[in-house]
Structure formats: C-alpha cells, structure tokens
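Good morning, and thank you for joining. I should like to present one model and to discuss how its chains meet.

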2 protein chains.
Amino acid sequence: MAELSAAHNSLQTATRPAKACDVALIDCSSSEFTHSNLQGTDMLAMTQEPSASRVRFQPALPKPRAKSPDPRSLEDYLSRGTVRGIEAKEHLFAEGDAKSSIYRVLSGALCLYKILPDGRRQVIDFAYAGDVIGLESGIVATYSAQGTVATRVSCLPSAILDRAAANDPRIAMQLYMTMARNVDAMRDHLVCVGQRSATERLVSFLLGLSRRRASLNGGTSIVELPMTRTDIADFLGLTIETVSRTLSKLKAQRCIEIDQGTTIRFVDIVALEALAEGEAR
Amino acid sequence: MAELSAAHNSLQTATRPAKACDVALIDCSSSEFTHSNLQGTDMLAMTQEPSASRVRFQPALPKPRAKSPDPRSLEDYLSRGTVRGIEAKEHLFAEGDAKSSIYRVLSGALCLYKILPDGRRQVIDFAYAGDVIGLESGIVATYSAQGTVATRVSCLPSAILDRAAANDPRIAMQLYMTMARNVDAMRDHLVCVGQRSATERLVSFLLGLSRRRASLNGGTSIVELPMTRTDIADFLGLTIETVSRTLSKLKAQRCIEIDQGTTIRFVDIVALEALAEGEAR
DNA sequence: CGATTACTTGAGCCTGTTCAACAACCGTGG
DNA sequence: CCACGGTTGTTGAACAGGCTCAAGTAATCG
C-alpha cells in the first residue's frame, strides 16, 4: 500500500559524518517523541505537550547510507531519517496529533486506524517494512498509527520534504505517486470490506499479505501474522470470533496450517485463491 | 469490461491549444480559490481544515477571466479542458481502459466503481460538480466511471498535466494534495462501510451529501439524490432493499421526508446526527 | 398506453454477531 | 519451579441485522 520499493534496506547501516541536514533531522525527534507513548484506548483525548516531558532520546542509531551532497529522490530523503523504535501497542502518532514527520517502516509492522466516538475501530491499513506513512493533506493526523509488534521506523521531518518537493518536481511527483498507489490499495480494500464474505475477506487478506511480503519470505508459502486477531478483525470489518472461526474452518478444510496462532502455512493455494473470489464456501 | 469501453467514443480530447471559446464554455475556475486553497510552497504543512476529508474542489462559481498564455495552477489547466457530455448510465471510462485524460465534473454526477469477477459491485465514490477524477498511478484505469445522471465534464489530456507537473512543482503538489484529500475521504468511507450499521451508513451518506453540496443548495435542508438506489446500495455495501427500507423507516420516524423518491428533506437533523453516530436505532 | 425500469414492502433465512466459557500463552514473583 | 493473574485466542449456543426471494406499486419512455 503506502509502498515504495523495499529494496533499500541494505543501505541503512552505513555510517557517515554529520552534515548540515542532520541538524534539522535531529530536532524533529524532540517533538516527535513527546506524544508517542499513548497506549490503550484513550489516546484520542490526548493533546501533546511538546515542551514538557520525557524526551527519551535514542542516541542516533546507525546512520543511513553514504552521504550524497544533493539528494534527489524521495528514497534518498527517507534514508536519511532518524531511526526510532516503537514497541507493540505503542503509538507512533495518534489521530489529532500535529503532523511533524513522515515515516518509513524499517522492520516490524504498524497498524493504522480510526475510531468512532463509541469506540468501534476500523484498521485502515497495516504498514510493513518498506512502507511509507504520514503523508497527508492537512496539518493534523486523521488517523492513528500503532505498532502491532516491536517496530523500527525512520523519521523524516515534513518540513524538509516540503521544501524539497517545492523545489524539485520529481520529489513532488514521487509523493503524488506514492499517494496514488495508496488510494489504489484503499479502493481494493473498500471493495473487499464492502462486498466480500468473511471467508473471502480473510483469505484475500492472507494472500495479500503473502504477496506483499513475497520479497521477504522468498516466495515460500509461509506467512507470519505480525498482529493480533483484533487487528485483523478491525481491518476486515469482522469480529475476532469470526476471524478465529474462519481460520479454524480453513484449517479443517486443509487449506492452511496454523502454528502458534501466528504462523500460517498455505497448503492448498488453488483452493485459497478460489475462496478469495467467492467460489464455494 | 470490453462492453463498457464502448462508451468511450464520442469526443475524446484531442490535444489542441486552448481557445477562447473553451474558456467561455467551461470557465468555472476562480483564481481566488486556486491561490488560496491549492497553492503555496509549504504544501505539506498547509493550514487547511482537516474536515476537508470530504472537501474536494469547491464548485467554483463562474468568474470571467482573461486567458493567460502560461497557465500556472491545476485549476487553470482544468478550466481549459474540452467539455464532454455523458448520459446517465454512459461510461466516461471503464476499468482497464488506457488513461488518456483527467476530468473535472461541471454538472451532474458520476459514479466511480469496481466490480468483482462474479459481478458484485462496489461504488468507490460519487463525483459531483467541482470534483476532479482520473488522477491515477498507473497507465490503466483501475475503476470505472459512469454517469448517474446526465453530466458534463471537462477533459484534460493527462500528457499536458504530466508535462506541467514535471516542470512546475506547484502543479505536482496540487496533484498530490488532491490525491491526499481523496485518500482522506476514502478512509472515512472505509470506516463507515466497515463499522457502521445500515441506518448509520445511510444517514451519514445523506448528511455527507448535504454537506458536500451545501454551497449549491444554499444550506437548505433539502438534498437531491442524483443516483439510483442501486448506486447508493453499492456505495454503502448494502442491498437496494435495505436502502429502501431504511429510508422508509427514517420517514416513518419523521426524520426525513421523501419526494419522488429522489428529493430528501431533513426534518429532524438532530435526530439524524444522533443516528449517524450510532445512538438509538 | 403498454413495456420497461426503478422503487417499496413482506416473509423467511443465513451469515456473522453477541454472550459466555474455556484453553493457551507469558511475564512476574513467591 | 510452579502458582498467579492478565492477555490472547478458540469454541459453542442463541440471536439479529441485513440478505434473498418474491410480489406489488410507481415512475419513465417509446
């Protein structure tokens, strides 16, 4: 979904001397970390206090890539971000927060969601390694981002990107294309949630996840689920019971095997792909 | 899909210089709007209301302007497009078509949808006067656009816009912001379809439509539905029977009045807003 | 004016929800 | 080491919201 090529991870560990742009990069984090520890259900009420509080500063983790004096692509910029760690359940940002940065997921997974006044939650998307999130139209986040497992993200202050995009149409176009791919994925998901049955939704989700991580798992038929049943349910517009039951049913039908509840192995991919398209039940 | 593409014939925009008559015909652009809402260099940090989730281009009021030889804003480009009429049920483009143009709706309404292999249909969005559609990441349309009523659109060849965006970061950023607002609206709709009950969905739809057209109907409590029950049902992930029944129920509860089946008058807005948020039933 | 399409309403059913109990897993601390 | 509480996942039984099927009414168009 918010997916730029995930191919750049290898560059993430090189070290380089500090440069002018680092200064800007670093102070982004101070405002960043302030409102990041929201937990549980009441984060919407929170308004962050940029001045006070525990800015537990993570001494900059390994620096991205060798320096280039004139970064040219969105990737270049993103690879210069400061790295930040997020625990499972910890929020990277919450709906209503002032938006200061955009992020690229380095490892782990994030859950992007919105909640209704009465507490019902819709997971908009999951963000996996390589995905970019935080690109938005307004100055305030319209959804929340929470780690589903321990996760590392690279943070880039929006201001830097704004400036870059304002001067370089190529950057602006990359932002545009990233957004466009996002919309595309959202449309597909909307079709899924709006039209498909529980089984279809779950199977599409599993297959989609597998496809999305194909580069990582080397094309095996095994997929790790780096999120809870609740996350999956809220993503698919179902209840956890239905998710659990449907997984059990698929297991009983010998379409999948489940290990530890989190590792799914596709046994009968043909059957799964038929199920995803509504054939049989 | 093939059958749909047939609709495509009439006057697909040929690339040609903008002429005076074009401007006269279509001119619903307003430079005010353009500069206040879409331009500026710090796009990412733009101070524009987040409730803009549903806001697209405001249906700009006709405003005579001299044609400028060097158009600068997205609005300028769009106002130079060639006009095309679409009948109800006629397709502007269909999923799978090569994308040649982007469009702005001048009057009427379009229904943007995707269909599953087995025929189930999900309406992604409706496009009303002022809305821009056809901005996409790939070279092939990933959804179909069909008139729900007789509709006029202004067509602008993508190539022109591509060139403009490649040279002018402001244009690229406007494309980006347009897309971003789109994503925002889609997220809201996903929450609606994924979490809300039939009544909640329908009421949110009505209120949202009213809000979106507030500039046109002058803030009255009357909304025209320029689409069929089928369109609404496919938009909300319901059946036509449920849509019809729910409307009847709202009428029986004296929340709305219905005239000719297509004109809705809000009688008890307070109750409606409560219903939209899941209170009572 | 009849034919076609769009909308409404009813009756019964089914998918997925709700409510509830139980099992598995995990970190903590005795 | 195991007992413990807490969290997460599984399974069962009953319910209900929305769907399907079906018939009837209203609007539209040649």
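I shall take the interface first and the cysteines second.

This is a predicted model, in which local features need pLDDT of at least 70 and side-chain atom pairs count only at pLDDT 80 or more, while totals for chains, interfaces and linings use all residues. Residues are numbered from 1 along each chain as its sequence is written, chains are lettered from A and ligands numbered from 1 in the order in which they are written, and side-chain values use heavy atoms, without hydrogens and water.

How many residues does the contact take from each chain? Chain B supplies 53 residues and chain A 50 residues, contact being heavy atoms within 4.5 Å. Together the two chains bury about 4,600 Å², 64% of it on carbon and sulfur atoms; buried area is the accessible area (1.4 Å probe) that two parts lose on being put together, summed over both.

Six salt bridges cross this interface, each a side-chain nitrogen of Lys or Arg within 4 Å of a carboxyl oxygen of Asp or Glu. One of them joins A:Glu200 to B:Arg120, at 2.9 Å from N to O.

Turning to the cysteines, the structure holds zero disulfides over all chains, a disulfide being a pair of cysteine sulfur atoms within 2.5 Å. A:Cys111 cannot form such a bond because the closest cysteine sulfur, in A:Cys192, is 16 Å from its own. A:Cys111 is also buried, at 1% relative accessibility, where buried means under 20% relative accessible area (1.4 Å probe, protein chains only). B:Cys155 is likewise buried, with a relative accessible area of 1%.

Key: Buried means under 20% relative accessible area, exposed over 50%, partly exposed in between (1.4 Å probe, protein chains only).
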